[in-house]
4 protein chains.
Amino acid sequence: MIKVGVAGYGVIGQRLADGVAAQKDMELVGVADVAPTLSVRALKEKGMPYDLYNSLPDNQKLFDEAGIPISGTLEDLVQRVDIMLDASPGGIGAKNKAIYEKYNKKAIFQGGESNSVADVFFHGYANYEKGVGHQFLKLTSCNTTGLIRAVDCLDREVGIEKVAITIIRRVADPGDYHRGLTNALQVDKAPSHQALDLMTIMPHVDATGILVHTPVTHGHIITVLATPKKDISKEQLIELFSKHPRIRVVKLADGFQGNASLFRYARDLGNPRGDMYEIALFEESIVKSGKDIMFAINIPQEAVVIPENMDAIRAAMEMQTDRLEGVAETNKYLGLGKWIQK
Amino acid sequence: MIKVGVAGYGVIGQRLADGVAAQKDMELVGVADVAPTLSVRALKEKGMPYDLYNSLPDNQKLFDEAGIPISGTLEDLVQRVDIMLDASPGGIGAKNKAIYEKYNKKAIFQGGESNSVADVFFHGYANYEKGVGHQFLKLTSCNTTGLIRAVDCLDREVGIEKVAITIIRRVADPGDYHRGLTNALQVDKAPSHQALDLMTIMPHVDATGILVHTPVTHGHIITVLATPKKDISKEQLIELFSKHPRIRVVKLADGFQGNASLFRYARDLGNPRGDMYEIALFEESIVKSGKDIMFAINIPQEAVVIPENMDAIRAAMEMQTDRLEGVAETNKYLGLGKWIQK
Amino acid sequence: MIKVGVAGYGVIGQRLADGVAAQKDMELVGVADVAPTLSVRALKEKGMPYDLYNSLPDNQKLFDEAGIPISGTLEDLVQRVDIMLDASPGGIGAKNKAIYEKYNKKAIFQGGESNSVADVFFHGYANYEKGVGHQFLKLTSCNTTGLIRAVDCLDREVGIEKVAITIIRRVADPGDYHRGLTNALQVDKAPSHQALDLMTIMPHVDATGILVHTPVTHGHIITVLATPKKDISKEQLIELFSKHPRIRVVKLADGFQGNASLFRYARDLGNPRGDMYEIALFEESIVKSGKDIMFAINIPQEAVVIPENMDAIRAAMEMQTDRLEGVAETNKYLGLGKWIQK
Amino acid sequence: MIKVGVAGYGVIGQRLADGVAAQKDMELVGVADVAPTLSVRALKEKGMPYDLYNSLPDNQKLFDEAGIPISGTLEDLVQRVDIMLDASPGGIGAKNKAIYEKYNKKAIFQGGESNSVADVFFHGYANYEKGVGHQFLKLTSCNTTGLIRAVDCLDREVGIEKVAITIIRRVADPGDYHRGLTNALQVDKAPSHQALDLMTIMPHVDATGILVHTPVTHGHIITVLATPKKDISKEQLIELFSKHPRIRVVKLADGFQGNASLFRYARDLGNPRGDMYEIALFEESIVKSGKDIMFAINIPQEAVVIPENMDAIRAAMEMQTDRLEGVAETNKYLGLGKWIQK
């Protein structure tokens, strides 16, 4: 059993912990955070299913006042695991790295850290092999992770020359009060980092894109224009995407009208927190212009990176050294793809 | 075991079904709806934990096309139960009533129906005894249900002469595409129906109020100004509310900043769909002006009425004829109040 | 002096009336509407600068009760003008057409009508000559009008083979209560009508696109990916667009962060209603991928079509038969392009 | 002619400058700001109707690069005026005060400064006489200014014992990108400062209240529960408020549904920037509970304080020493009350 710890018990950290707990070949040793946040208070109300470690010893008093039991410091946690998933706020992961190095432990960093923190910039489906055995991997961000799922899927089938993306970015997560937009769209300097990151992971593809922030919380939507080397029909595309365990092809006609429908559906499914690991691809959004393919996907920003993080543990720890074997184990334990109609 | 059916498997109907399924002294026979909505599709993807009945036989083809198994018509369901929970869209319940009468079955209607549909306008905590043994009960709406919890709690302690409320109403549920406001507040004609409904349930209290719609989805907020007969200190108020199994006293200082924090907390708790049955009362919002008490509460519109619906079954079916015994059974099966610090 | 009437005094109709009033070679005879709406009440409070006609004689009593003076019926207005601008709600224009035909008057319809209502589908810059002398013209919708300005500008310089657009659509206008989205993005069936409409106006260009609705009110944003026949540098592009009297090139670095900044800027300029006739092009959004050009534009949905409507009057009435002469007269009277740095 | 300068050319500063420019007995000498903001760029595009002074000499290069002519420093401006309106961001006014003292000039500060910056906490209608002849006045904030208009109006007619308010606060101004909320309501610690400020201005009234932030931009809405000493009927209330030059009584039935309707109406009126100086009171929101009066008002946050600032200049400079004469002059030049039906 690979022993795993999680640093940062926020939006991503909680879901990483749940993801690890679901992998039958991993053991979640504990999670660490700096203060009795709402998520930590919820952990306590649930009866501490996960041990909590304190990343900021100066704050011990705050945990005590809130009656939250602490199992040690972040440094203690690191010593008890084989690998850390670091979901600290951007920039903190780079600081934590010193602790991981001190105890010669492996670690997976999230998209908010700079690429230099890691040996490999990693995506489970696109470049699994590159991560095998490395000490430090960095995952792509939520948008890039979801986007690459679709582009890699296409690329392996028909070869992709170039993509141009428009990211309609949700500006905050549900529950965020520290950031937000009100009745405004905000344009970012182009090209978006997601396009650049895609080229780092898939260097044979030309990519560019524009990102626009929108005042919503339940998922980004990306439109993708892809130029394939080989022509592919709309029907073949639907079939191709439908077989991918981390992509759901959904229909507007069935009621999947946008990001909020998908969030509602995930809640109605009974998924914990109303989360969805899969990106969704709107079937009626697929259009062709000559050979070019255009379509829209939904990125559930809170949970989408969890499967690729599990893949990263598998690669770094050499639990599976083959790409398809690695992602298949993750998929099995997260229940991904079981809804695919055979 | 009391056999229960649910008509209408939408936002409320789904949660009613889950609520009944959690009551160990009730059996959920099935749920009925008119079409393969997203919620019905989710039911199918979950493997049909509840039997589905078709409320609109003309739509049988739609269910067949979606591969959704049907266990009969609404009329079939009615014959197999002791009591129906009717969560159909407003006005449909009144039509369904003919079926309930035909088979001499009891039924509980929701706030969207007109009062005339029922024998008793019901609230579990405030007038349980009035519902005992009656054939048709109508529940108060989500805002009124939550509001009365707080006002009834106060009233039983210190006597309430009058209340004035301001309802800051969420305009849509998460996932709604058929209604919504964008960057606008909308004022309703006063007095709001919630104030009038409160007086129907609690006729000894004078109530008035104004409702303003706001473009958010995760819960209404109501400010309540209450004039008690007997003075009560802020500390006593906090203690009083803290002991109520369906009210959570939360602190801004702990991170509970508003409706979105509560939704996030419920998701982090692992509550199905991120639901919360309890209203929340913001401790730092409590102020006094002379004897008058003012405070703000959060109403989680999707789930708040579920406990009182369970109470209504208990009253109508005479499962418990005493108010406190009835609500206690509901609370026990829904896990309400177990977080209260003894 | 060409005599002009406006049918429908709503969001577009008011601005058409103001636009006509600003053309020194046109006379605004009056405007018509069906009820004492807020805009009609504002007209009264301003002292009736425009004569108002009643499009729905049954509603005369409502106008009387509101104390609003009426100068006749829509049919009276039609008889007193040379040409009508019809800004009635979609579908009503087609009905009004019978009146225009009865009196053998010309008319300009808006984007909400079906194409069959008119002889020519018109855009001032792109196909002015096609409208010259025709009785019935239909304008492109707001998004298409703004989009074609940019694409036509490029096409005349370097030739455009194909475009792929993503429309991030504002879902309501400021002040709308009859429609809106709350915390949701909504995907439309692709290809969007704007892409199809572009091909109708510019049949030598291949166009496709996806439209996503967003809960904001102050302007659509469109990302455009265009494949030119001839390479053009980013600097040349900026220079080209900067010289277009109906396009403003703005910089994120100067504070133009998105649609809300542009609305604020127009208000600060003192433009009536805070309107802007120009589309804006965000300079830092321009990226190239090979020869392909990608950029983002802002479409001020309330006012953007006004200049092209003035062009349409000029074309239909043969006031100018040359494209550049026609649009230049419109630009002069609307003050467009005077801010271009020579 | 009283010579006036404005420090800070932001949302409030611009409107103060326009307000002063409209007063025929005042001369606007110039406005000062720290950088070439969008509002300053708009001033330039309009041809510099107001002279601009540089409040931050280190930024002179930025103004030069933007081609914006500068007439001197803030200190230069102060020397050329009789009185300054300081609309700098909160806290900066207190620093600027040293310059005003150095040259022995009077100044009016806005609600964002601490009360200690001024000799008198001022409201034109409620305590005009207290400001007469003083060097430093501080205005109430936008919500408090509008609220006191209504409460003072009532108080002078029937005497007000106490008020309880709920402020449904717009969280950002149109064009704001530096703050915002997305799909969240946020509760503030009670009592709100507006209730406390009201008691400072009207010490004979007991006031309390709760403030909730909402994700909208076009105006706050406040519900007011007031306990009068003397009974007053709803009809008398409507008549009383209708005669106040800074209060508009509007009807839901006429289409005034909320803050967005009022913003639209102001735009349709042709008011510069779509501004409105008046608060609006929704007629159908007025309800009585015993003697208590409850109603909802709209506060147009960007412009509402302008009239009271003009009053403050009049009081401080002793242009009028009588309350009703002072406010009447302001009203005359701003066109307030001319729409009142005699």
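No salt bridges are counted between chain D and chain A; the number is 0. This holds for a predicted model. On the side of chain D that touches chain A, the residues divide into 7 nonpolar, 5 polar and 1 charged. Polar contacts do occur across this interface. The rule finds 4 residue pairs in polar contact between chain D and chain A, both residues at pLDDT 80 or more.

The extent of this interface was computed in two ways. By contacts, 13 residues of chain D meet 13 residues of chain A. By area, about 1,000 Å² is buried between chain D and chain A. Carbon and sulfur atoms give 53% of that area.

Chain D and chain A are also related by symmetry. A turn of 180°, with a shift of 0.0 Å along the axis, lays chain D on chain A. The RMSD of this fit is 0.0 Å. D:Gly180 has the C-alpha nearest the axis in chain D, at 2.4 Å from it. Both copies use the same surface, as 100% of the contact residues of chain D recur in chain A.

The pairing of chain C with chain A was examined next. Here 42 residues of chain C are in contact with 42 residues of chain A. Three residues of chain C stand out by area. C:Asn183, C:Leu185 and C:Val187 supply 19% of what chain C buries against chain A, more than any other three residues. The area buried between chain C and chain A is about 3,400 Å². Of this, carbon and sulfur atoms give 68%.

Charged and polar pairs were then counted for chain C and chain A. There are 2 salt bridges between these chains. A salt bridge joins the side chains of A:Asp292 and C:Lys162, with 2.8 Å from N to O. Residue pairs in polar contact number 16 between chain C and chain A, both residues at pLDDT 80 or more.

Several elements of chain C give two or more residues to the side that touches chain A. Among them are strand 8 (160–170), strand 11 (220–228), helix 10 (259–268) and strand 15 (292–299). Strand 10 (206–214) is also one of these elements. Strand 10 of chain C gives the most to this side, with 6 residues. By class, the side of chain C that touches chain A has 21 nonpolar, 15 polar and 6 charged residues.

The symmetry of this pair was computed as well. Chain C can be laid on chain A by a turn of 180° and a shift of 0.0 Å along the axis, with an RMSD of 0.0 Å. That is the relation of a two-fold axis. Of the interface residues of chain C, 100% are also interface residues in chain A, so the copies meet through the same surface.

Salt bridges were also counted over the whole assembly. The count comes to 92 over all chains. One of them lies within chain A. A:Asp275 forms a salt bridge with A:Arg15, and the closest N and O atoms are 2.7 Å apart. A:Asp275 lies in the loop between helix 10 (259–268) and strand 13 (279–282) of chain A, while A:Arg15 is in helix 1 (residues 11–22), so the pair ties together parts that are 260 residues apart in sequence.

An annotated domain covers part of chain A. In an unreviewed entry, UniProt places "domain: Glyceraldehyde 3-phosphate dehydrogenase NAD(P) binding" at residues 2–142 of chain A. Over residues 2–142, chain A is 38% helix and 23% strand. The end C-alpha atoms of this stretch are 25 Å apart.

Technical notes. Residues are numbered from 1 along each chain as its sequence is written. Chains are lettered from A and ligands numbered from 1 in the order in which they are written. This is a predicted model: local features need pLDDT of at least 70, side-chain atom pairs count only at pLDDT 80 or more; totals for chains, interfaces and linings use all residues. Side-chain values use heavy atoms; hydrogens and water are left out. Contact means heavy atoms within 4.5 Å. Buried area is the accessible area (1.4 Å probe) that two parts lose on being put together, summed over both. A salt bridge is a side-chain nitrogen of Lys or Arg within 4 Å of a carboxyl oxygen of Asp or Glu. A polar contact is a pair of N or O atoms within 3.5 Å; within protein, one must be able to donate a hydrogen and the other to accept it, and residues adjacent in sequence count only if both atoms are side-chain atoms. Ala, Val, Leu, Ile, Met, Phe, Trp, Tyr, Cys and Pro count as nonpolar, Asp, Glu, Lys and Arg as charged, and the others, Gly among them, as polar. Copies are superposed by least squares on the C-alpha atoms of residues with pLDDT of at least 70 in both. Helices (H or I, at least four residues) and strands (E, at least two) are DSSP runs, numbered from the N terminus. UniProt positions are given in the numbering used here, feature names are shortened, and annotations may be inferred rather than shown by experiment.
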